[in-house]
Amino acid sequence: MKVKYIVFTTALVLLLSVYFLNGNTLNRNSQIKQSNEQTLPQNPLNGRIVFEQKGCIDCHSINGYGGKTAPDFGKQNFFGSDYDLISAMWNHSPQMLKQIGDKNINKQNLSEKDFRSLRYFLNFLRYLSVNGNISNGKILFNKMNCIQCHSVGKLNTKKISLNKMSVYASPLYLAQVMWNHAAKMQNMQRQSGIKIPVFKGNDFSDLSAYLESISPNGKKEKVYMSPGNPLKGEGLFKSKKCYYCHEQKHIGPDLTKYNFNKSVTEIAGMMWDHASSMDAAMTKYKISYPEFKNDEMANLISYLYFKNQSKVPGSIEEGKNLISGKGCISCHSQGNSYNAPVINKIGPFNNADSFFSELWNHLPMMEKTSYAKGKTLPKLMPSDVKSLYLYFNRKNR
Ligand code: HEC
Ligand code: HEC
Ligand code: HEC
Ligand code: HEC
C-alpha cells in the first residue's frame, strides 16, 4: 500500500509537473468554509490522496496511471462539479459494486471530507492542461510573429531575447510574463504593423515547451509555478480590481456567466486576447494595469475556474416528489423492516457532502435488496440529488 502510494504520487506529480510544485502546496488544508455554502478549495490536488487511499486507483486511472478496469479520468473527461460526482457514482454503482465483489475489494465508505476532496480533485483535472508539443510550439513561434521581435538560442542584437524563459517550466509563467508586458508588446505591434497574436487551445503550452527546449540554459534548475490556490485568487480578484470592473460597475462583461471549464492556459489565453481592450478601459477609468508576480496568475485563474461551476437546478418541491418517485419511501416509511429512519427524521445535513456520503455509504446495503439489483436502481441526476438534499434540509418540517 505504502509503496503503491509513493509510486502513484510520484507519477502524478510528474504528470502534473507542467505547473508545479513546491512541497508546501501539497500539504495545505484542502478548503475553508465560505458564506452562502460556496466553498473554494485551497489545494484541489489534496484529493489525490483520498483517490488512492479509498481504492479508486485500483480500478480507475488518471492519464494511464492506475487501474485499467474503469474509466480513466484524465482521458474520459469526467469533470464533475458539485452534484455531478455523487450522481455519476450512484448511476454507475451497479457496475462498480459488481467489480468490487468480483475483485474481492472492500467497498470503502466515504466521509463528508473525502467527498469534498474527491470532488475538487477530479474536477481540477480539466484545469491542468496537457504537456506542450515542442514542434507545434516552433511552428507557432513563426506563425504568431514572435520571431519578428524575439530571438531564442543565438543572440540577435536587433531582437529581444527570450532565453531566460527556459528556466520557467510552466506555460502559465509565459502567460503571466506576456500579460505583464502586454501594453509594451501591443504598442510595438501597432507601430510595426505586425499582427497581435491570438491565443487558443494549447498555444501557451506548446510555445512554452518550445522555448524551454531550445534555449541554451535549458538544463538549469527549473522554476515551477503552483497550480493555484483559488482562495487566494478570490482576494486577488478584488485587489486587482477585476471585481470592480466585472461585477461592481459592469464596465467589463459579467464573468459569472462565462464558461471557465477550460484549462488554465486557455483561460490565460482569454485574458491575453482581451488585454488591449482591457488596458484601454483601465486607462479610461484611471485604474492601473494589474501586473502579476509569483503564483498570482495561477491563483487568480484557479479562482475563475472554481467560481463558475455549473449551477445545478433543484427544489424542495421536486425533492418531495422524488422520495416516492425514486422509491426511497419503500424503505424509509414508518415501521419498515430495514431499520431505516423515517423520511421526516432524516436531515438536516451540515452540507451537501455529508448527504453524498450517506447516500454512497448505504448503497451496498441496498444491493442486498431488490432495489439496487442491477438495472432496477433508479438513476439520480445531479438535479435530483440537489432536490433531495434541499428537501432534507428544508426549514419547515
Ligand atoms: C472495483 C472497481 C472500482 C472502484 C474501486 C471504483 N470504481 Fe468507479 N467505476 C468503476 C467502473 C467499472 C465504472 C464504469 C461503470 C459503468 O460503466 O457503468 C466506474 C465509474 C465511475 C464513475 C463514472 C465515470 C463516468 O465516466 O461517468 C465515477 C465518477 C467513479 N466511478 C468514481 C469512483 C470513485 C471516486 C471511486 C473511489 C471512491 C471509485 N469510482 C472506485 C469501477 C470502480
Ligand atoms: C511587435 C513585436 C512583438 C511581437 C510580435 C511579440 N513580442 Fe513579446 N515582447 C515585445 C516587447 C516590446 C516586449 C517588452 C520587452 C521589455 O519590456 O523590455 C516583449 C516581451 C515579451 C516577453 C517578456 C520577456 C522578459 O524577459 O520578461 C515574453 C515572454 C514575450 N514577449 C513573448 C512573446 C511571444 C511568445 C510572442 C509570440 C506569441 C511575442 N512575444 C510576440 C515585442 C513583441
Ligand atoms: C478597467 C476595467 C477592467 C478591469 C480592471 C479588468 N477588466 Fe477584464 N475586461 C474589461 C473589458 C471592458 C473587457 C471586454 C474587452 C473586450 O470586449 O475585448 C474585459 C474582458 C475580460 C475577459 C475576457 C472575456 C471574454 O470575452 O473572453 C476576461 C477573462 C477578463 N476580462 C478577466 C479580467 C481579470 C481576471 C481582471 C483582473 C486582473 C480583469 N479582467 C480586470 C474590463 C476590465
Ligand atoms: C433498501 C432500503 C432503502 C432504500 C430503497 C433507501 N434507503 Fe436510505 N437508508 C436505508 C437504511 C437501512 C438506512 C440506515 C443507515 C444504514 O444502515 O445505511 C438508510 C439511511 C439513509 C440516509 C441517512 C439517514 C441519517 O439520518 O443518517 C439517507 C440520507 C438516506 N437513507 C436516503 C435515501 C434516499 C434519498 C433514498 C432514495 C433514493 C433511499 N435512502 C433509499 C435503507 C434504504
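Reader: In this predicted model, how far does a polar side-chain atom of Lys 184 lie from an oxygen atom of ligand 2?

Author: The model is predicted, and the pair in question joins a polar side-chain atom of Lys 184 to an oxygen atom of ligand 2. Polar contacts are pairs of N or O atoms within 3.5 Å. For Lys 184 the distance is 3.3 Å.

Reader: Which elements give two or more residues to the shell around ligand 2, and which one gives the largest share?

Author: Two or more residues come from each of α9 (146-149), α10 (171-180) and α11 (182-192). With 5 residues, the largest share belongs to α11.

Reader: Which side chain has an N or O atom 2.8 Å from a nitrogen atom of ligand 2?

Author: The residues that come nearest to ligand 2 are Cys 146, Cys 149, His 150, His 181 and Met 185. The side chain with an N or O atom 2.8 Å from a ligand 2 nitrogen is that of His 150.

Reader: What is the arrangement of donor atoms around the iron atom of ligand 1?

Author: His 60 (NE2) and Met 96 (SD) are the protein donors, 2.1 to 2.3 Å from the iron atom. These two residues are 36 residues apart, His 60 in the loop between α4 (56-59) and β3 (61-62) and Met 96 in helix α6 (residues 93-103). Because the 6 donor atoms subtend angles of 79 to 179°, the arrangement is octahedral.

Reader: Is His 60 buried or exposed?

Author: Buried means under 20% relative accessible area. Met 96, at 24%, is therefore partly exposed. His 60 has a relative accessibility of 11%, so His 60 counts as buried.

Methods. Residues are numbered from 1 along each chain as its sequence is written. Chains are lettered from A and ligands numbered from 1 in the order in which they are written. This is a predicted model: local features need pLDDT of at least 70, side-chain atom pairs count only at pLDDT 80 or more; totals for chains, interfaces and linings use all residues. Side-chain values use heavy atoms; hydrogens and water are left out. Donors are N, O and S atoms within 2.8 Å of the metal (3.2 Å for Na, K and Ca); water is not among the atoms, so sites may look incomplete. Four donors count as tetrahedral if all angles lie between 85 and 135 degrees; four count as square planar and six as octahedral if opposite donors are over 155 degrees apart and all others between 65 and 115; anything else is irregular. Helices (H or I, at least four residues) and strands (E, at least two) are DSSP runs, numbered from the N terminus. Buried means under 20% relative accessible area, exposed over 50%, partly exposed in between (1.4 Å probe, protein chains only). A residue is near a molecule or strand if one of its heavy atoms lies within 4 Å of it. A polar contact is a pair of N or O atoms within 3.5 Å; within protein, one must be able to donate a hydrogen and the other to accept it, and residues adjacent in sequence count only if both atoms are side-chain atoms.
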